[in-house]
Amino acid sequence: MNKMKLHFFLVSFLMVQLSFAQVDSTKSASNNQITDMDIPVYNFDSLAPLLHTTSDKIYIVNFWAMWCGPCVKELPIFEAYQKNNPNVEIILVSLDFTEDIETKLKPFLKKKGITSKVIVLDDPDANTWIDKVDSNWSGAIPFTIIFNNKNRSFHEGDFKDMQDFETKINNTIKNK
Amino acid sequence: MTKKKVLFAAAILVFSLLSTVTVSAQERKGPPKNGERKGPPGGGGGHNPEQTESLKDMKGYKIGDTATDFKLKNIDGNMFSMSDIKDAKGYIVVFTCNECPFAKMYEDRLIALHNEYASKGYSVIAINTNVTDDNEKESFEAMQKRALEKKFPYVYLEDMGQKIFPQYGALRTPHVYLLDKEFIVQYIGTIDDNAKSAKDVKVKYVENAIQALEKGEKPNPNFTKAIGCPVKIKE
């Protein structure tokens, strides 16, 4: 009798646990983009290798932040370009605050439907690394680098539209 | 027997669920150690050809240029010129705005800078680059409200018509131009080396530059960069 009760108790306890686990897993499946979103934090030294490649694949690295109006405005251009050109790698380097990643950045990216790779650069002494990205960069964002192993171009300011963006890519990669 | 099996299976399930959670949490930490892409660190060295499309062609002051004085409306409604300050030994001209988080993070430090140096002849002169009639957050009224909230001890001017900051060459907010008493540009750049955390600041560029001028020396460095909001140029 006692044993039965104990078993019953244990089983029901585990069932409750399991049902919670199931709720959790369905939740994370429906919120896939947000809970599975991997937003690593870099300092400049760890970011630097991402600004170069030995392959002829096209890379586009964009420095931006949620608080920067023109940056936010041009995000859909990158997103649309990424969808049509899956072999191009786009990295969105966010200069937002690390403490905002979970509470603001992830919800923001979800709301905007951003699926490109996003990383956060947390390296406060920008004067030491801005010139290492490009000596002509003032530090204002957005700032975008288009490159492969042979060519490279830097763009301070936002792209006006898709045509503008595609022209800049083509001029960088193909005309040299 | 069956009960035992159920229990066993349930226990394994729960356990495995728990362990996956821990593993994925660990995987999320930090940048990957071995990026697939390896290349020379730092700037574009080694890569050719390079094309830059930046604002380097934008006209603006360089160190040693003589800056223009201006006549801009202060939040008190009066027109203000640098020459209005009597016995000035220099001018801390800061291009800034209401809403940029980087500008906001520096408000308290600008207040402290002014309180420390105004009596020594170096006043902060804040100029809002982003005043346009279609942006109520950067309107003259919004500037007045912000100045009142923060009790700015310094003048806060509207660059109406956006005529002054392009002459200086300000590109982001906040962007500091330290002038000596002859209006000669002695330092251009950022206030210190840590926008996000005042307590972690190691180098106070503007203060060091003022102290250099006080000693009759040239500031070193006289040019620094920082991340900041782009100035909004009305189209």
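This is a short walk through the two chains of the structure above, A and B.

Some ground rules. The model is predicted: local features need pLDDT of at least 70, side-chain atom pairs count only at pLDDT 80 or more, and totals for chains, interfaces and linings use all residues. Residues are numbered from 1 along each chain as its sequence is written, and chains are lettered from A, ligands numbered from 1, in the order in which they are written.

Chain A, then. It has seven helices and six strands. Those are DSSP runs, H or I of at least four residues for helices and E of at least two for strands, numbered from the N terminus. Their order from the N terminus is α-α-β-α-β-α-β-α-β-α-β-β-α.

Now the pairing around β4(A), residues 117–121. Strands pair if DSSP finds at least two bridges between them. Strand β1 of chain A, residues 41–42, runs parallel to β4(A), and two bridges join them. A:V41 has A:V120 as its bridge partner there. Strand β3 of chain A, residues 89–94, also pairs with β4(A), in the parallel sense, over four bridges. Here A:V93 stands opposite A:I119. Between β3(A) and β4(A) the chain passes through helix α5, residues 101–112, and this β-α-β crossover is right-handed. Right-handed means this: with the strands pointing away from the viewer, the path from the first strand over the helix to the second runs clockwise.

How much of chain A is buried? Of its 176 residues, 32%. Buried means 20 or more other C-beta atoms within 10 Å of the residue's own; exposed means 12 or fewer; partly exposed is in between; C-beta atoms are placed from the backbone. Contacts are C-beta pairs within 7 Å, again placed from the backbone. Take the contacts in chain A with a separation of 6 or more: 73% come from residues 24 or more positions apart.

Over to chain B. Its open sheet has seven strands, ordered β3-β2-β6-β5-β4-β8-β9, with mixed pairing. At the edges stand β3 (79–80) and β9 (185–189); each has a single partner strand, so one side of each is left without a neighbour in the sheet. Further in, β4 (residues 90–96) and β8 (residues 175–180) of chain B pair antiparallel over six bridges. B:V94 is matched with B:V176 in β8(B).

B:V94 comes up again in the core. A nonpolar core is a set of buried Ala, Val, Leu, Ile, Met, Phe, Trp, Tyr and Cys residues joined through C-beta atoms within 7 Å. The largest has 85 residues, and those with the most contacts inside it are A:I141, B:I92, B:V94, B:I125, B:I127 and B:V206. Leaving out residues up to four places away in sequence, B:I125 touches B:I92 and B:V94, among others.

Next, helix α4 of chain B, residues 140–150. Which of its residues are buried? B:M143, B:R146 and B:A147 are. They cover an arc of only 100° around the axis, taken from the directions to their C-beta atoms, so they sit on the same side of α4(B). Their cover includes β5 (122–128) and β6 (155–158) of chain B. The face turned away carries exposed B:E141, B:L148 and B:E149. Just after the helix, B:K151 takes a positive phi of about 50°.

Last, a loop residue. B:T132 lies between β5 and α4 of chain B. B:T132 is partly exposed, because 16 other C-beta atoms lie within 10 Å. Discounting residues up to four places away in sequence, B:T132 touches B:E138, B:K232 and B:K234.

Note on methods. Contact = placed C-beta atoms within 7 Å.
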